[in-house]
Structure formats: structure tokens, C-alpha cells
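Please open the structure in your viewer and keep the selection tool at hand. The tour below proceeds stop by stop, stating what to select and what is found there.

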Amino acid sequence: MNDDPNSEKLRTSIHVQAGRIRKAEKARTTKISRFYVVQQELFQTIESALADFQRFYGVPPAPTPNSGSLYVLIGSERGFCGGFNELVQRELEAAASKGTPPRLIVVGRKLALKFLEDNRMIASLDGPGAAEEIPFVISQLAKELARSPDSRWKIIHNSYKHAETCVETTSPFEFARQEVTVPFSFPPLINLPPSQLRPQLFEQYLFALFYGVFYVSFIAENHERPRHMDGALNRIGEEEQRLGLLANALRQESITEELEIIMLSTRNTIKPD
Amino acid sequence: MKTFRLHLMSMTRSELIPDVVRFTGHDAAGSFGLLANAFRRVTVLVFGLAHFQDAAGKLEYLALPGGLLYFVGNELRITTTHFIRSSSLDEISAALDRELRQEEEELHTIKQSLHRLDEEILRRMFELKGRGRHE
């Protein structure tokens, strides 16, 4: 098998394709990482402004407990990324093992496939295939969340930390209810009544948070894909090697058999005088 | 002339204008202005145009789909999903068209290339798997 020119051609072609994918994923990761740095700066500004506002104008009232909880699960839109979606699924099962079954909004086609038969899923959305699609996905998700009667929800998503993909649960409503210390003695000026400004500020906070969550998930996905692909290519290489060895052994066996037949026939032909 | 810093932040870029003399924006309560050393202020800007003037007297327009405004420490921070800056209103409209078209084209190209790469690698893998089975 190793000597087969067609197999060699195919192998080279796969490696060329893998190289292209790796290059494309790297370009996407570089771009999204740049966006993420800017988004973090923006998010810190929103957090400071919200903390400043809440310190003087009060935190929002606690949400009324309702029958269940809602989880937004963010997985991958495309395949070839190993256990990326399983991480999210496992985190959900661990978080939701007690109490009323949660309702689920699943983002990412590959993750949604895992919940096809699951009646906890109330909606599924296509995830971003490119960084440029993130704003559209966020607006679709915002529409779904606005339709849901749940007053509190959490997001389960992957992120990339210390060269590892790890799963995280983000609870936006917990930060919103925290009283944060700010270095000011007087309240900031506001043009609107606090009750009117608070939801607007919170909306800005949520949108920025969603961008951050989608950026980190996308970065993790783009790191995971080349890694998974390299693993698959290694497995193909190993399998190829194993088949090569098997082919050699079979060839040797057949040569031995042929030799035995030749020797037997020679013994029969050359009779002793 | 007293100035303040204007820090514009969107989800993809960040720009700093060091010497702004005055800023005019709109929130749900109406139009308001800001000068250097103004008191701390928090508000949410509505969809539309804001404008600011630098120390050289140059007036610039800022188109944005809403966003947060936080004036603190003589720095005006504006966070939004997207913004366009221009010194002329006609240019803003043209830039908006251009950017939208460009984004759409880029997205189309990216989607096509992703699709092609995924399909190609899958095809090759199946091909190799098929060959392995035959041999």
C-alpha cells in the first residue's frame, strides 16, 4: 500500500487540504483575537459605567422566581472540532442534574444535532461560521430570548485559556445585582429617570457580553479544529502504517506458500536415482 | 482652549481622538452637549448622528446605531456595535453603503471558502477510507 502512487497522491492531497484549513483557521483566530482585545476594553467601560450607576441609583430588583431556568448553549456550527460540543453538553447535564429540567436555546448546528430528540430544547439557531456572522447570530438570539418568558438565564460556552479549551457558565444577571465599589462620592449625572435608564444600560451590557462570549467560543473552536484534524491525520497515518505492515505480512505469507509449492513440486519432479 | 479625550469603541475597533473641544449627542431625553472637565455622566445614545469639534475647529459627524456614553476623568468613552466617522454628511451616507456592501461581499467569500474546504477534506477522507477498505 505504501508504494501505491495513487495512495501517495491522495495522502499528499489530504495534507495540502489540511494545511489550507490550518492556515484559514489561523487567519480567523488572529482576526477574532484582535476583535476580542477591543471588545474586552469596551466591556470594561460598560461594566464601570454600570457599576457607577448602580452604586448611586441602586441595583435592579431580584427577578421573580419562575418554574424553571433557561440555558443558552453555544456550540459549533461546523464539524471537525473534536469534543468541543460534548464539553458544553456535559456542563449542562452537571448543572441541570437537580431541580426542574431547564429549557434550552441551542446555538450551532453541530451542537443542536445532539438535542434533536430532547424536548428541553425550545429553539435552535445556526451559529457563526465566520467572525462577521457573529452580530447576526446575536440579534437572532436576542429575539429568541425576548420571546421566552424566563426572567433569568445562563450561558454555557467554551473558551480558550492556557492553551486549553475549557467550558464556562456565564450568569449575566448575577453581575447586574452586585454592588460594586466605585471611587466616587457623588452620583454621575443622568438625563433620564434611573428606572428608564437602567434597562437601557443593561441592554448595552448584555450585547457586549454576548459579543465577548461568542468571540471566546469562536477562538476556542478555531483552536480546536486544527488540533482535531491533526489527530485525525495522525490516526490515518497510523492506520495506513498498520495496513502496510499487514500487506507485507500477507505478501510474505503468500511468497512462502509459493516457495513451498515450488519446492514440493521440485521434489516430486526430481526423483532420486 | 480646554479639551478632552474622546475614546470610540466598537466591537471590532477602537479609536482615540485626543483633543475634542465639544461633543453633541442624543439620548432618549433629547440632545445634550459636553465640554472639557464636565461632571461625570452616564447615558445611552439613541440611533443617529452625534458630532464633535476638535481643537483646530474641525467638525466631525459620528453615525452610530445607539451606544453607551460615559464621561469620566475628562475622557468621553462611547461604546457601540459599529460607528462611522466623517467630516461630511454625504460622505457618511456613502461610507455606510460602502461598508455594508464590503461586509456582505467578505461574508459571501468567507462562507464559500469554508464550505469548499470542509467538503474537500471530507471527500478526501472518505476516498482514503474507501481505498483502505479495498486494499
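**First stop: a loop residue in chain B**

Select Asn37(B), which counts as exposed because it has 11 C-beta neighbours inside 10 Å. In this tour a residue is buried if 20 or more other C-beta atoms lie within 10 Å of its own, exposed if 12 or fewer, and partly exposed in between, with C-beta atoms placed from the backbone. The model is a predicted one, in which local features need pLDDT of at least 70, side-chain atom pairs count only at pLDDT 80 or more, and totals for chains, interfaces and linings use all residues. Residues are numbered from 1 along each chain as its sequence is written, while chains are lettered from A and ligands numbered from 1 in the order in which they are written.

Asn37(B) sits in the loop between strand 3 (30-35) and strand 4 of chain B. Helices (H or I, at least four residues) and strands (E, at least two) are DSSP runs, numbered from the N terminus. Although Asn37(B) is not a glycine, its phi is positive, at about 60°. Most residues other than glycine have a negative phi.

Now select Asn74(B), in the loop between strand 5 and strand 6 (75-79) of chain B. Its phi is also a positive value, near 60°, in a residue other than glycine. Asn74(B) is exposed, since 12 other C-beta atoms lie within 10 Å.

**Second stop: the strands of chain B**

Display the whole of chain B, which has one helix and seven strands. Along the sequence they follow the pattern β-β-β-β-β-β-β-α. Of the 135 residues of chain B, 21% count as buried.

Select strand 2 (residues 14-27) and strand 4 (residues 41-54) of chain B, which run antiparallel and are joined by five bridges. Two strands are said to pair if DSSP finds at least two bridges between them. Which residue of strand 4 of chain B is the bridge partner of Arg22(B)? The partner is Gln53(B).

Add strand 5 of chain B, which runs antiparallel to strand 4 of chain B and is joined to it by twelve bridges. Here Leu49(B) has Ala63(B) as its bridge partner. These two strands form a hairpin with four residues between them, and Gly57(B) in the turn has a positive phi of about 90°.

**Third stop: the two domains of chain B**

Colour chain B by its domain assignment, which gives domain 1 (4-87) and domain 2 (89-135); such bounds come from an automatic or database domain assignment. The contact between them takes four residues from domain 1 of chain B and six residues from domain 2 of chain B. Two residues are in contact if their C-beta atoms, placed from the backbone, lie within 7 Å.

**Fourth stop: helix 4 of chain A**

Move to chain A and select helix 4 (residues 134-147). At 1.5 Å a residue, its 14 residues should span 20 Å, and its end C-alpha atoms are indeed 20 Å apart. The expected span is 1.5 Å times one less than the number of residues.

Which residues of helix 4 of chain A are buried? They are Ile134(A), Val137(A), Ile138(A) and Leu141(A). Seen down the axis of helix 4 of chain A, these buried residues fall within an arc of 100°, so they line one face of the helix. The arc is that of the directions from the helix axis to the C-beta atoms. An α-helix has 3.6 residues a turn, so residues three or four places apart point the same way.

Turn the view to the face away from the buried side of helix 4 of chain A, which carries the exposed residues Ser139(A), Lys143(A), Ala146(A) and Arg147(A). What covers the buried residues of helix 4 of chain A includes strand 1 (70-74), strand 2 (103-107), strand 3 (121-125) and helix 6 (194-269) of chain A.

**Last stop: a hairpin and a helix in chain A**

Select strand 4 (residues 153-161) and strand 5 (residues 164-170) of chain A, which pair in the antiparallel sense over seven bridges. Lys161(A) has Glu164(A) as its bridge partner. The two strands form a hairpin with two residues between them, and His162(A) in the turn has a positive phi of about 50°.

Finally, select Ala249(A) in helix 6 of chain A. Ala249(A) is exposed, with 10 other C-beta atoms within 10 Å. The C-alpha atoms of Ala249(A) and Leu264(A), 15 residues apart along the chain, are separated by 22 Å.
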